[in-house]
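Q: Could we go through how a model like this one is read, one feature at a time?

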Amino acid sequence: MPPAAVPQEERPQRTLLGRFVRQDHTPTGMGMLAALFLVLLPAAIAAAVFGSRRL
């Protein structure tokens with residue numbers, strides 16, 4: 001009689017979104033950093049572009 005198959009721990013597949021958002025839908029540290037860059041980087045570029053315009 002063959003030995004019974006030992007079930008392995010079921011781990012959910014790690015998705016790209018899983019790196020930024022936890023199971024309870026709160027952001028991880030990396031998610032917060034990404035959100036800040038998505039907001040602050042375009043704002044800094046816009047400030048540099050519009051701040052250097054001469055009237």
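Q: What share of the residues in the protein chain is buried?
A: This is a predicted model, and buried residues make up 4% of the 55 residues in its protein chain. The chain exposes about 5,800 Å², of which carbon and sulfur atoms supply 66%.

Q: How many helices and strands does the protein chain have?
A: The protein chain has one helix and zero strands; helix 1 covers residues 29-51 and includes F37.

Q: Which residues make the nonpolar surface patch, and how does F37 count within it?
A: The patch, of about 610 Å², is made by L33, F37, L41, I45, V49 and F50. F37 counts as partly exposed because its relative accessibility is 48%, and partly exposed is the class between the 20% and 50% cut-offs.

Q: How is empty space found, and how much of it lies in the largest pocket?
A: Rolling a probe the size of a water molecule over the atoms shows where empty space is left. In this model, about 200 Å³ of space lies in the largest pocket. Ten residues line this pocket, and the closest to its centre are Q13, T15, G18, V21 and Q23. By class, the lining divides into three nonpolar, five polar and two charged residues.

Q: What is there to note about the phi of H25?
A: Most residues other than glycine have a negative phi. H25, a residue other than glycine, has a positive phi, near 65°.

Q: Where does H25 lie, and is H25 buried or exposed?
A: H25 lies in the segment before helix 1, and H25 counts as exposed because its relative accessibility is 69%, where exposed means over 50%.

Notes:
Residues are numbered from 1 along each chain as its sequence is written. This is a predicted model: local features need pLDDT of at least 70, side-chain atom pairs count only at pLDDT 80 or more; totals for chains, interfaces and linings use all residues. Side-chain values use heavy atoms; hydrogens and water are left out. On a 1 Å grid over the protein atoms alone, a cavity is a set of points where a 1.4 Å probe fits but cannot get out, and a pocket is an open set with protein on both sides within 12 Å along at least five of seven lines; lining residues have an atom within 4 Å of a point. Grid points are joined across faces, edges and corners, and a volume is the space filled by probe spheres set on the points. Ala, Val, Leu, Ile, Met, Phe, Trp, Tyr, Cys and Pro count as nonpolar, Asp, Glu, Lys and Arg as charged, and the others, Gly among them, as polar. Patches are made of residues with over 30% relative accessible area and no salt bridge: like charges are joined within 9 Å, nonpolar side chains (Val, Leu, Ile, Met, Phe, Trp, Tyr) within 5 Å. Accessible areas come from the Shrake-Rupley method with a 1.4 Å probe; for residues, only the protein chains shown count as cover. A salt bridge is a side-chain nitrogen of Lys or Arg within 4 Å of a carboxyl oxygen of Asp or Glu. Helices (H or I, at least four residues) and strands (E, at least two) are DSSP runs, numbered from the N terminus. Buried means under 20% relative accessible area, exposed over 50%, partly exposed in between (1.4 Å probe, protein chains only).
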